[in-house]
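Colleague: Could you take a close look at the salt bridges in this one for me? I'd like to hear which side chains pair up and how exposed they are.

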Amino acid sequence: MEELETKKIQIKDKDGITKEAEVVLYFSFDNKKFVIYTLNETDENGMVILYSSLVEKEGTETVFKKIAPEDWTRVKQIMNKVVKEGRE
């Protein structure tokens, strides 16, 4: 069986520390790009914790930013769909 290659990205946490994250999904809406990713952490129920960021280009650099409140509801819907499909 062929193993799927996972896409890795570098994310800075709130303290400015760079961490390697695994991409779950890239998607876009309203001409904005987003990413759902994991640091392979689990919560108290053993569920993998997912994160999401707005993806923007600043020059030649890809920057991951906080999602605006007006986009958050739609992003949460997409994240919930990813979780639901992962359970099936």
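Modeller: Let's start with lysine 65 and glutamate 56, whose side chains meet in a salt bridge at 2.9 Å, N to O. Keep in mind that this is a predicted model. That pair has company: salt bridges with shared partners link Glu56, Glu58 and Lys65 into one network. As for how open the two side chains are, lysine 65 is partly exposed, with a relative accessible area of 30%, and glutamate 56 also comes out as partly exposed, at 30% relative accessibility.

Now to another part of the chain. Glutamate 22 and lysine 8 form a salt bridge through their side chains, 3.7 Å from N to O. Glutamate 22 sits in strand β2 (residues 18–29) and lysine 8 in strand β1 (residues 8–12), so this contact ties together parts that are 14 residues apart in sequence. Glutamate 22 has a relative accessible area of 22%; it counts as partly exposed because buried means under 20%. Lysine 8 is partly exposed too, with 36%.

Then there's aspartate 13, whose side chain meets that of lysine 19 in a salt bridge, with 3.7 Å from N to O. Aspartate 13 has a relative accessible area of 24%, which makes it partly exposed, and lysine 19 is partly exposed at 33%.

If you're after the overall tally, searching the whole structure turns up five salt bridges, among them the pairs of lysine 65 with glutamate 56, glutamate 22 with lysine 8, and aspartate 13 with lysine 19.

Note on methods. Residues numbered from 1 in each chain as written. Predicted model: local features only at pLDDT ≥ 70, side-chain atom pairs only at ≥ 80, totals over all residues. Heavy atoms only, no water. Salt bridge = Lys/Arg side-chain N within 4 Å of Asp/Glu carboxyl O. Helix = DSSP H or I, 4+ residues; strand = E, 2+ residues; numbered from the N terminus. Buried < 20%, exposed > 50% of the residue type's maximum accessible area, 1.4 Å probe, protein only.
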